[in-house]
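Work through the following exercises with the model open. Each task is followed by a solution in steps.

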Amino acid sequence: MISALRPLFFRAAPALRAAPRVYAAEPQCANPYTHGNCHLIELRNVVKVYETPAGRYHALKGINLCVDTHEFVAIIGKSGSGKSTLINMITGIDRPTAGEIYVGDTAVHRLSEGEMAVWRGKHVGVIFQFFQLLPTLTLVENVMLPMDFCNTFPRRERYERAMQLLEHVGMADHAHKLPSAVSGGQQQRVAIARALANDPPIIVADEPTGNLDSKTANAIFDLFTRLVEEGKTIVMVTHDQDLARRVTRAVTVADGEIKDEVRRA
Ligand SMILES: Nc1ncnc2c1ncn2[C@@H]1O[C@H](COP(=O)(O)OP(=O)(O)OP(=O)(O)O)[C@@H](O)[C@H]1O
Ligand SMILES: [Mg+2]
């Protein structure tokens, strides 16, 4: 029986060995990433269709977006235009209906659920509008959590590192409080420290200042600017036009499409 199958196996083998080509064209740069992408983040013809009781809804209609290392990109646009859907593609929180997403050496759209969680934990720091700290853990425990999940740093180093990150965002004095005992702006500082826990190259933030007064929002924005100067790459959704003027590139999304891009630096 096995020998009868052998010719079939050998006929199939060459086809199995041939890796599928990712790009029709050769990479356009001298040092492409593993999959031929030249930019740190590349979205190629990304489509997202939601199945709703009212029918199919095209939230993203063929997005092409490239982000390079050390860029600070703002995603702007009206409510419902597709901003969160777009950045959820970069973090792998949501999956595309069609298209390709490359982040560094990873083809994000091909990761399994399990691979995705570990990959995200190591490579992308995610920050949300409502902070999403775990309410029963102290602030320092919240910052240690991603390190515990991904095992990125030895156990004995995690507390010290979390304290250093809290120091970096000006929250070390509050380390042993619960989230409910500090203000919204302070919780967001802790969420930023948590996003930095595994030292990811990329920070993705969805309306990180949306729930803060303008003075606190400015302070959080200054912190982001400092992180970019220190070498991080940031993609941030914002409704705040003043903040959007202070980034290196502003990308306007309307009706699931990129309508405009303005480079400022
Ligand atoms: N899970 C879902 N199922 C069905 N439709 C969805 C789903 N998530 C988002 N949508 C729809 O997709 C469109 C884009 O949503 P998205 O959340 O990306 O908008 P947004 O630009 O982030 O808006 P906001 O500024 O209000 O946060 C909206 O019309 C929304 O209703
Ligand atoms: Mg949104």
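**Exercise 1. The shell around ligand 1**

Task: State which residues surround ligand 1 in this predicted model, and sort them by class and by element.

Solution.
- Step 1. List the shell: Tyr 50, Thr 52, Tyr 57, Ala 59, Gly 77, Ser 79, Gly 80, Ser 81, Gly 82, Lys 83, Ser 84 and Thr 85 surround ligand 1.
- Step 2. Sort by class, with Gly counted as polar: the shell has three nonpolar residues, eight polar and one charged.
- Step 3. Assign to elements: at least two shell residues come from each of β1 (41-52), β2 (55-67) and α2 (83-91). The largest share, three residues, is from α2.

**Exercise 2. The sheet behind the strand residues**

Task: Give the strand order of the open four-stranded sheet, and explain why β2 and β5 each have one side without a neighbour.

Solution.
- Step 1. Read the order: the strands run β2-β1-β4-β5, and the pairing is antiparallel.
- Step 2. Find the edges: β2 and β5 (106-107) each have a single partner strand, so each has one side with no neighbour in the sheet.
- Step 3. Look at the pair that also contributes to the ligand shell: ten bridges join β1 and β2 in the antiparallel sense. Tyr 50 has Tyr 57 in β2 as its bridge partner, and both of these tyrosines belong to the shell around ligand 1.

**Exercise 3. Helices α3 and α4**

Task: Classify the crossing of α3 (residues 113-123) and α4 (residues 139-150), and name the contact residues.

Solution.
- Step 1. Take the geometry: the two axes come within 10 Å, with a crossing angle of roughly 130°.
- Step 2. Classify the angle: it lies outside 65 to 115 and is not over 145, and α3 and α4 are therefore oblique to each other.
- Step 3. Add the hand: α3 and α4 cross in the left-handed sense.
- Step 4. Name the contact: α3 provides Val 118, Gly 121 and Lys 122, while α4 provides Pro 146, Phe 149 and Cys 150. By class these are four nonpolar, one polar and one charged.

**Exercise 4. Helices α6 and α7**

Task: Do the same for α6 (residues 184-195) and α7 (residues 214-229).

Solution.
- Step 1. The axes come within 10 Å and cross at roughly 15°.
- Step 2. Because angles under 35 degrees count as roughly parallel, α6 is roughly parallel to α7.
- Step 3. The crossing of α6 past α7 is right-handed.
- Step 4. Gly 185, Gln 188 and Ile 192 of α6 meet Thr 216, Ala 219, Ile 220 and Leu 223 of α7. This contact has four nonpolar residues, three polar and no charged.

Notes
Residues numbered from 1 in each chain as written. Chains lettered and ligands numbered in written order. Predicted model: local features only at pLDDT ≥ 70, side-chain atom pairs only at ≥ 80, totals over all residues. Axes fitted to C-alpha atoms, helices over the stretch in contact; angles between N-to-C directions. Left-handed = near helix turned anticlockwise from the far one by under 90°. Contact = placed C-beta atoms within 7 Å. Near = placed C-beta within 6 Å. Pairing = 2+ DSSP bridges.
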